[in-house]
Amino acid sequence: MKRYSIFSLLRNAFSYHENWSRAWRSPDPQPEYDAIVVGGGGHGLATAYYLARNHGMNRVAVLEKGWLGGGNTGRNTTIVRSNYLLPANALFYEHALKLWEGMSRDLNFNVMFSQRGVLNLAHSDSQLESYARRGNAMRLHGIDAELLGLEQVKAKVPLLDCSDQARFPVKGGLLQPRAGTARHDAVAWGYARAADARGVDIIQNCEVTGIRREGGRVAGVETTRGVIGSKKVGIAVAGHTTQLAAMAGLRLPIESHVLQAMVSEPIKPILDTVVTSGATHMYISQSDKGELVMGGDLDGYNSFAQRGNPPIIEHVVASVLALFPAFSRLKLMRTWGGIMDMTMDGSPVICKTSVDGLYINGGWCYGGFKATPGSGWVFAHTIANDAPHPLNEAFTLERFAAGATLDEKGAGPAPKAH
Ligand SMILES: Cc1cc2nc3c(=O)[nH]c(=O)nc-3n(C[C@H](O)[C@H](O)[C@H](O)COP(=O)(O)OP(=O)(O)OC[C@H]3O[C@@H](n4cnc5c(N)ncnc54)[C@H](O)[C@@H]3O)c2cc1C
């Protein structure tokens, strides 16, 4: 792999940037691999990279039915944070956040990780108290958290309507200063390039259509490019997790729903942190291109469509304008949707399954982008050792049967509530 650096940038400038080498190969599938990862999103690519880097497994293939990052990895609102209440979630996401902090150097690829902070707004005294509880729990785990009063919120986000007349009065907020955003496509490309350099075969336009089993254990996969053998198959397909699991006869406590996002026309820098409002169901940040990036709630019914409907767009825009009246003259430029794999408790599933050699990484709900490096790290460990890493021991399928759910919000078995 040719290193990216200021010198390679200068060298290539002299030839008008026409001679950059390809970032990763495009090989034909081999008949057999030591491990196959299905899904060329951030999670699948990170898993393959850590299989090679941490566990010395180089005969690995990533099979992607479309193009790299064409799923939720390239569709999210890029928020990265670790502000969780429950120990299993907090420790796992904090591990991921630490990996984010070193990712550009590790991958030799600028993922534009910007630690601009994530501010959760409190609109009532009781919400502020529950934030204080979550902030205290985070600090006990060594995670940064600051409880802000109204004046501090005003100073941090001057455009926010903090007046007495506001439709949703602001009482304060919980800030995680180390949280922020990253360039989502770059994460997929960075992991792909680094995995490829370690010998991983990345095979695009290769849809998995069946999972082969022999004597109760995995023997390989059927794909649109033929049968590929492997005794270890890891599924990392986000919204399609239930479909892949069904190929091996498994029924999961996961539902697929559409989540939409949208951007305004680009404007000059005006918002230098991520602001979320759980009460109004909206979150907003400004991209490096200047667009305001906004998202909200699920569309509210099961779907595998990668597009949504106007009512949610209207809801998100109404919430944004209630909090930021100054944005009312902006034009909406683009909207899109992705398929969310919603679990019944809002926490992910990263585990072995009842089929020997089959591993599942899914159930990311709204929040799998921030998990990407941590998810790849522990999933690679699980596949390589046929046993969970301490950080994903709790993310089993069995927890649903045992009633030991990881219900971060205490919202019960309702995907829409997570
Ligand atoms: C609108 C929106 C906003 C979001 N905002 C955030 C956010 O701000 N922060 C955050 O942390 N998370 C966010 N998320 C969630 C986050 O994007 C996902 O949880 C995460 O990207 C999942 O990554 P992945 O690699 O598992 O999935 P994906 O990137 O979806 O990759 C899965 C891949 O599997 C492929 N695939 C599917 N079926 C097959 C098959 N049969 N054979 C081969 N390949 C297959 C797909 O083509 C896809 O490329 C958001 C999601 C959406 C849709």
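Biologist: Which residues touch Cys 162, leaving aside its neighbours within four places in sequence?

Modeller: Cys 162 is in contact with Leu 150, Val 153, Lys 154 and Val 170. Contact here means heavy atoms within 4.5 Å. One caution before we go on: this is a predicted model, in which local features need pLDDT of at least 70 and side-chain atom pairs count only at pLDDT 80 or more, while totals for chains, interfaces and linings use all residues. Residues are numbered from 1 along each chain as its sequence is written, and side-chain values use heavy atoms, with hydrogens and water left out.

Biologist: Why is Cys 162 called buried?

Modeller: Its relative accessible area is 12%. Buried means under 20%, exposed over 50%, and partly exposed in between, with a 1.4 Å probe and protein chains only. So Cys 162 counts as buried. You'll find Cys 162 in the loop between helix H5 (150-156) and strand E6 (172-176).

Biologist: What makes E7, home of Thr 181, a strand?

Modeller: Helices (H or I, at least four residues) and strands (E, at least two) are DSSP runs, numbered from the N terminus. Strand E7 covers residues 180-181, so it meets the strand minimum. Thr 181 is buried too, with a relative accessible area of 7%.

Biologist: How do you know that the side chains of Thr 181 and Arg 116 make a polar contact?

Modeller: They come to 3.4 Å. A polar contact is a pair of N or O atoms within 3.5 Å; within protein, one must be able to donate a hydrogen and the other to accept it, and residues adjacent in sequence count only if both atoms are side-chain atoms. So the pair of Thr 181 and Arg 116 passes. Thr 181 also touches other residues, including Thr 78, Met 112, Val 274 and Ser 285.

Biologist: Thr 343 sits in strand E17. Why is Thr 343 called buried?

Modeller: Its relative accessible area is 0%, so there's no arguing with that one. The side chain of Thr 343 has a polar atom 3.0 Å from the backbone nitrogen of Gly 346, and one 2.9 Å from the backbone oxygen of Ser 347. Among the residues in contact with Thr 343 are Pro 253, Cys 365, Phe 400 and His 418.

Biologist: Is Asn 58 buried or partly exposed, and how do you know?

Modeller: Partly exposed: the value is 38%, so Asn 58 falls between the two cut-offs. Asn 58 lies in the loop between H2 and E2. A polar atom of the Asn 58 side chain is 2.9 Å from the backbone oxygen of Arg 198. Asn 58 also touches Ala 52, Gly 199 and Val 200, among others.

Biologist: What is notable about phi of Asn 108?

Modeller: Phi is near 55° there, a positive value in a residue other than glycine. Asn 108 is in the loop between H3 and strand E4 (118-122), and it is buried at 8%. Asp 386 also has a positive phi, near 55°, but Asp 386 is partly exposed, at 33%.

Biologist: What makes a set of residues a nonpolar core?

Modeller: Its members are buried Ala, Val, Leu, Ile, Met, Phe, Trp, Tyr and Cys residues joined through side-chain atoms within 4.5 Å. The largest such core has 56 residues, and Trp 100 and Tyr 191 have the most contacts inside it. Helix H3 (87-107) is one of the elements that give two or more residues to this core; H3 gives the most, with 8. Apart from it lies another core, of 29 residues, among them Cys 206 and Phe 400.

Biologist: Which residues lie nearest the centre of the second largest pocket?

Modeller: Thr 78, Arg 183, His 184, Ser 287 and Lys 289, out of 21 lining residues. The lining divides into 5 nonpolar, 8 polar and 8 charged. Helix H6 (184-197), strand E15 (282-286) and strand E17 (332-343) each supply at least two of its residues.

Biologist: And what makes it a pocket rather than a cavity?

Modeller: On a 1 Å grid over the protein atoms alone, a cavity is a set of points where a 1.4 Å probe fits but cannot get out; a pocket is an open set with protein on both sides within 12 Å along at least five of seven lines, and lining residues have an atom within 4 Å of a point.

Key
Nonpolar A, V, L, I, M, F, W, Y, C, P; charged D, E, K, R; others polar.
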